[in-house]
Amino acid sequence: MSTHAIFTPPPPENEPIHEFAPGSPERARLQQRLEQMRNERLDIPLIIGGQEIRTGDTKPAVMPHNKEHVLADVHQGTAEHVQLAVDAAAKAWEDWSRWPWEERAAVLLRAAELLSGPWRDTLNAATMLGQSKTAHQAEIDAACEAIDFFRFNV
């Protein structure tokens, strides 16, 4: 749906950095999410054109700081899967490129809103487990960077 109004996106501001001070609510939430994710072992399929593809050929994704701990089994793609992904991306572009810019901007702003809110702890915990980052490093390198990317690029 297009609009006849003049759309003015909100002025972007850098995402505030959580400090994770001892006893703070953000530290408690992150510790809880970190523990939940540490105890999961995910099965990660390829996602091509919105469809999950499980090839059966998997490789373990381990914690760099504890290589014995497997976080996920990641399905491996082939050259055929790469071509399917390229074709799916080209098809998606046809539709996406026809959306009014205001609607595309709204998608990016919604992504920033979700990452700054309910998905922040998951993103930070995944970064800590998968890349051996500290809470502060994950916060600035993953959460704040991604949120700022979406907001400023509108």
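## A walk from Ser132 through the helices

Leaving out neighbours up to four places away in sequence, Ser132 is in contact with Pro64, His65, Thr127 and Gln137. Please keep in mind from the start that this is a predicted model. Ser132 sits in the loop that links α4 (120-131) with α5 (135-153), which makes this loop a handy place to begin. With a relative accessibility of 32%, Ser132 is classed as partly exposed, because that value falls between the 20% limit for buried and the 50% limit for exposed.

What joins the side chains of Ser132 and His65? The answer is a polar contact of 2.7 Å. The same stretch of chain also offers a long-range neighbour: Met63 is 69 residues away from Ser132 in sequence, yet the two C-alpha atoms are 7.0 Å apart in space. The backbone of Ser132 deserves a look too. Most residues other than glycine have a negative phi. Ser132 is not a glycine, but its phi is positive, at about 60°.

A second residue with this backbone feature is Phe20, which is not a glycine either and has a positive phi of about 55°. Phe20 belongs to the segment before α1. Is Phe20 buried or exposed? Its relative accessibility is 6%, so Phe20 counts as buried.

Now step back from the loop into helix α4, where Leu129 is found. Leu129 has a relative accessibility of 4% and therefore counts as buried. Setting aside residues up to four places away in sequence, Leu129 touches Leu34, Met37, Arg38, Met63, Pro64, His65 and Leu71. Pro64 and His65 are familiar from the start of our walk, since they are also among the contacts of Ser132.

Leu129 leads us on to the packing of α4 against α1. Two packed helices are described by the angle between their axes and the distance between the axes. For helix α1 (residues 25-38) and α4, the angle is about 55° and the axes lie 9 Å apart. With that angle, α1 is oblique to α4. The crossing of this pair is right-handed. On the α1 side, the contact is formed by Arg29, Leu30, Arg33, Leu34, Met37 and Arg38, while α4 supplies Asp121, Thr122, Asn124, Ala125, Ala126, Met128 and Leu129. Sorted by class, the residues where α1 meets α4 are seven nonpolar, two polar and four charged.

The other helix pair to visit is α3 (residues 101-116) with α5. How do these two helices pack? Their angle is about 155°, and their axes are 8 Å apart. Here α3 is roughly antiparallel to α5, because an angle over 145 degrees counts that way. The crossing of α3 and α5 is left-handed. From α3 come Leu108, Leu109, Ala111, Ala112, Leu115 and Ser116, and they meet Ala146, Ile147, Phe150 and Arg151 of α5. This contact of α3 with α5 holds eight nonpolar residues, one polar and one charged.

Our last stop is His81, in helix α2 (residues 79-96). A relative accessible area of 15% makes His81 buried. Which backbone atom lies 2.9 Å from a polar atom of the His81 side chain? That atom is the backbone nitrogen of Thr78. Apart from residues up to four places away in sequence, His81 touches Leu46, Ile48, Ile53 and Thr55.

Two C-alpha distances help to place His81 in the model. Ala61, 20 residues from His81 in sequence, is 20 Å away in space. Leu129, the buried residue we met in α4, is 48 residues from His81 along the chain, and their C-alpha atoms are separated by 28 Å.

Conventions: Residues numbered from 1 in each chain as written. Predicted model: local features only at pLDDT ≥ 70, side-chain atom pairs only at ≥ 80, totals over all residues. Heavy atoms only, no water. Helix = DSSP H or I, 4+ residues; strand = E, 2+ residues; numbered from the N terminus. Buried < 20%, exposed > 50% of the residue type's maximum accessible area, 1.4 Å probe, protein only. Polar contact = N/O pair within 3.5 Å; in protein donor to acceptor, adjacent residues only side chain to side chain. Contact = heavy atoms within 4.5 Å. Axes fitted to C-alpha atoms, helices over the stretch in contact; angles between N-to-C directions. Parallel < 35°, antiparallel > 145°, perpendicular 65-115°, else oblique. Left-handed = near helix turned anticlockwise from the far one by under 90°. Nonpolar A, V, L, I, M, F, W, Y, C, P; charged D, E, K, R; others polar.
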